[in-house]
Amino acid sequence: MSAGAGAPVALVLRHDPAIGLGNLEPVLRGRGFDVRVVDTPQTDVSQLDALAPDLVVVLGGEEAAYDTDRHPYLADEIALLRSRIAAEAPVFGVCLGAQLIAATLGARVYRGERKEVGWLEVTPTDAGADSPVRHFAGVPTVQWHGDHYELPEGVELLASSAQYPNQAYRRGDWLLAVQFHPEVDERIHADWLAAWGDELPAYGWTRERMLDAQAAEGPRAAAASAALLNEYLDGIAPPRASSPVE
């Protein structure tokens, strides 16, 4: 992949086409990013230049960050993240992305006692109230995960929930990771209900209740998602001239 003339590059590591950028893509494109989506299960991630993109976004997936034997591309993603983190190069992670970043930073990622599923709120910490995560205070967002992570050393905890305490964290202005799903737009929501809706009753939800919540809360969540990403992008260094990414 080669950058457009002067355009900053956002490299997106995607694990499932149904778990895409959603609400985040218009923000990136509106900020002038050349968005490059890489489907990591079908890509030799080890051949990607970790430092070429101006931003790396790591999306969610059904994989477990600790299951690198079964999914070796996850080990390659961790290696890529290790290089970026060592260089303090901007990284934004969502759900599995947050777990992979935590693993890269040496924290334990593990199976939770019970999945966290539904339109649920997170509570910003004192640090989170002065961070991009503050935009989700009082705004329900989609949760759909069963894994969690210990808080890595050297990061600030930004938000918690009653069931999973480590909902968001950052290191400086350049690394931001969230366990919840700011990317979920109407299309992603519909895809998830079609694919995984049968498990909802076990967690106190139905497809109908999720659709009602999406209709009521989706616009606020989309606005909070855009505000979160815009504030994060405002805080990172001005984009540099990008190298080609292959």
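User: What do the buried residues of α2 pack against?

Analyst: In this predicted model, they pack against quite a list: the strands β1 (9-14), β3 (55-58), β4 (91-94), β9 (168-171) and β10 (175-178), plus the helix α3 (96-104). Packing here rests on contact, that is, heavy atoms within 4.5 Å.

User: Which residues in α2 are buried?

Analyst: Y73, L74, E77, I78, L80, L81, R84 and I85. To get that label, a residue has to come in under 20% relative accessible area.

User: What puts them on the same side of α2?

Analyst: Look at the arc: they cover only 165° around the axis, so they end up on the same side of α2. It also helps to know how helices turn. An α-helix has 3.6 residues a turn, so residues three or four places apart point the same way.

User: How do you know what span is expected for helix α2?

Analyst: Helix α2 runs over residues 72-86, which is 15 residues. The expected span is 1.5 Å times one less than the number of residues, and for α2 that comes to 21 Å. From first C-alpha to last, α2 reaches 22 Å, so by the 1.5 Å rule its span is close to what is expected.

User: What comes just after α2?

Analyst: E88, with a positive phi of about 55°, although E88 is not a glycine. E88 sits in the loop between α2 and β4.

User: Why is E88 called buried or exposed?

Analyst: Its relative accessible area is 53%. Exposed means over 50%, so E88 counts as exposed.

User: And C95, what is its phi, and is C95 buried or exposed?

Analyst: C95 has a positive phi of about 55° too, and again this is not a glycine. C95 lies in the loop between β4 and α3. Its relative accessible area is 5%; the cut-off for buried is under 20%, so C95 is buried.

User: What makes both faces of β4 count as covered?

Analyst: Check each side in turn. V91 and G93 are on one side, F92 and V94 are on the other, and all of them are buried.

User: How do you know that β3 and β4 pair?

Analyst: Count the bridges. Two strands need at least two, and β3 and β4 have three, in the parallel sense, so they pair. As one detail, V56 stands opposite V91 in β4.

User: Which strands form the open sheet, and in what order?

Analyst: There are eight of them, in the order β2-β1-β3-β4-β10-β9-β8-β6, with mixed pairing. At one end of the sheet, β1 and β2 run parallel and are joined by six bridges, with R14 opposite D39 in β2.

User: Why are β2 and β6 called edge strands?

Analyst: Each pairs on one side only, and pairing takes at least two bridges, so β2 (34-39) and β6 (123-124) are the edge strands.

User: How many residues has the largest nonpolar core?

Analyst: It has 46. L28, L55, F92, V133, W192 and L233 have the most contacts inside it. Helix α5 (residues 207-235) gives the most to this core, with eight residues. A second core, separate from that one, has 30 residues, including I85, L100, Y149 and L175.

User: What is V133 in contact with?

Analyst: Leaving aside neighbours within four places in sequence, V133 is in contact with P124, G128, L158, A159, A168, L176, V178, F180 and L228.

User: Why is Q167 called buried or exposed?

Analyst: Its relative accessible area is 0%. Buried means under 20%, so Q167 is buried. Q167 is in the loop between β8 (156-160) and β9.

User: What makes the link between the side chains of Q167 and Q143 a polar contact?

Analyst: The distance is 2.9 Å, and the cut-off for a pair of N or O atoms is within 3.5 Å, so this pair fits. The Q167 side chain also reaches the backbone oxygen of Y164, at 3.3 Å.

User: Where is W205, and is W205 buried or exposed?

Analyst: W205 is in the loop between α4 (186-196) and α5. With a relative accessible area of 8%, W205 is under the 20% limit and so counts as buried.

User: What is W205 in contact with?

Analyst: Leaving aside neighbours within four places in sequence, its contacts are V117, G118, W119, L120, L200, M210 and A213. Take V117: 88 residues away along the chain, yet the C-alpha atoms are separated by 8.1 Å. The side chain of W205 reaches the backbone oxygen of V117 at 3.2 Å.

Definitions and conventions. Residues numbered from 1 in each chain as written. Predicted model: local features only at pLDDT ≥ 70, side-chain atom pairs only at ≥ 80, totals over all residues. Heavy atoms only, no water. Helix = DSSP H or I, 4+ residues; strand = E, 2+ residues; numbered from the N terminus. Buried < 20%, exposed > 50% of the residue type's maximum accessible area, 1.4 Å probe, protein only. Arc of directions from axis to C-beta. Polar contact = N/O pair within 3.5 Å; in protein donor to acceptor, adjacent residues only side chain to side chain. Core = buried A, V, L, I, M, F, W, Y, C linked by side-chain atoms within 4.5 Å.
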